[in-house]
Amino acid sequence: MNDTQTLSQRADALEEKMSQELDYIVVKSRLYMMAEADMGPAVNANAIMAKNPNARVLMGDDPRLPAMPEKPTLIDFFKYRFGPAAHLLQSAKHAVNAGLPENMVLACLLHDISTIGFIRGDHGYWGAQLVEPYVDEEVTWAIRAHQVLRFYPDESVGYEYPQSYIKAFGADYRPDEYVEEDYKRMKNHKWYMSGRMITVHDIYSFDPDAKVELEEFTDVIGRNFRQPEQGLGFDNSPVAHMWRAMIRPAKYL
Ligand SMILES: [Fe+2]
Ligand SMILES: [Fe+2]
């Protein structure tokens, strides 16, 4: 490996070497490549297979990831696919302590699942879509709305524009126009306060000692999330493929 290679060329070379040794070939989606600013060609699976006749592209489970049950539940995704969920657990706990209804506790528990398990940008929209077939319409609406409402203060409930946003985005940051437009629609909606409640309990400065376990919410999930019998990803719902994308994120086709 020489020093003139770019980081992504080096990563590709490493992947290729791994494929030749391990009999499976990882070909990343264009979306993952673009996140690395890589507009180059995808890994050449045919060339690797020519050198290692045992090698195959990934069409089944990815051996690098934790195995998932055949009929995965929401809790399985928390355990085996989502990144650290402390923020969601603490938000949900905060909502419980404030006496919010169970469906809103669930909304707080799920509000950032896209950030921790799927796609960051527009995470409220993606997150809402992921859960839409399985929760009350109000929960879906509130999850979608929270990411928009986060940008707009509401004195009536003591919600201020987050200091962390000023730091993260800069003091002169303004939300994109489609967010502004959605805000105008959302602020007059009958469920405005449901979306707003997520932002109120969307807490960033936690007590570092407060440990909240997912098990505390098993019953809330059981009563408010319609877990499909066939498992998330296999229930033929309009979003099943999105859950499958998390189960096998590097599936070749
Ligand atoms: Fe969020
Ligand atoms: Fe959040």
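## Around aspartate 202 and the iron pair

Aspartate 202 sits in the loop between H12 and helix H13 (218-224); helices here are DSSP runs of H or I with at least four residues, numbered from the N terminus. This is a predicted model, where local features need pLDDT of at least 70 and side-chain atom pairs count only at pLDDT 80 or more, while totals for chains, interfaces and linings use all residues. Residues are numbered from 1 along each chain as its sequence is written, ligands are numbered from 1 in the order in which they are written, and side-chain values use heavy atoms, with hydrogens and water left out.

At 4% relative accessibility, aspartate 202 counts as buried (under 20% relative accessible area, 1.4 Å probe, protein chains only). Its side chain makes a polar contact with the side chain of histidine 87 at 2.8 Å (a pair of N or O atoms within 3.5 Å, one able to donate a hydrogen and the other to accept it). Leaving aside neighbours within four places in sequence, aspartate 202 is also in contact with residues including Asp112 and His146 (heavy atoms within 4.5 Å).

Those two bring us to the metal. Here are the protein donors of the iron ion (ligand 1), which lie 2.1 to 2.2 Å from it (N, O and S atoms within 2.8 Å of the metal, or 3.2 Å for Na, K and Ca; water is not among the atoms, so the site may look incomplete).

| Donor residue | Donor atom |
|---|---|
| Asp112 | OD |
| His123 | NE2 |
| His146 | NE2 |

In sequence, the spacing reads D-x10-H-x22-H. Aspartate 112 also bridges to the iron ion (ligand 2), with the two irons 3.6 Å apart. Aspartate 112 is in the loop between helix H6 (102-110) and helix H7 (113-117), and histidine 146 is in helix H9 (residues 137-149), 34 residues apart. Both aspartate 112 and histidine 146 are buried.

Just before the aspartate 202 loop comes H12. Eight of the 10 residues of helix H12 (residues 192-201) are buried, so it is largely enclosed by the rest of the structure. Among the buried ones are Tyr192, Arg196 and His201, and the buried set packs against H5, H6, H9 and H11.

Then there's the largest pocket, with about 520 Å³ of space. Of its 23 lining residues, the closest to the centre are Thr115, Arg120, His123, Tyr165 and Phe169. His123 is also a donor of the iron ion (ligand 1).

How values were computed: Helix = DSSP H or I, 4+ residues; strand = E, 2+ residues; numbered from the N terminus. Buried < 20%, exposed > 50% of the residue type's maximum accessible area, 1.4 Å probe, protein only. 1 Å grid on protein atoms, 1.4 Å probe; cavity = no way out; pocket = protein on both sides within 12 Å on 5 of 7 lines; lining within 4 Å. Points joined across faces, edges and corners; volume = space filled by probe spheres on them.
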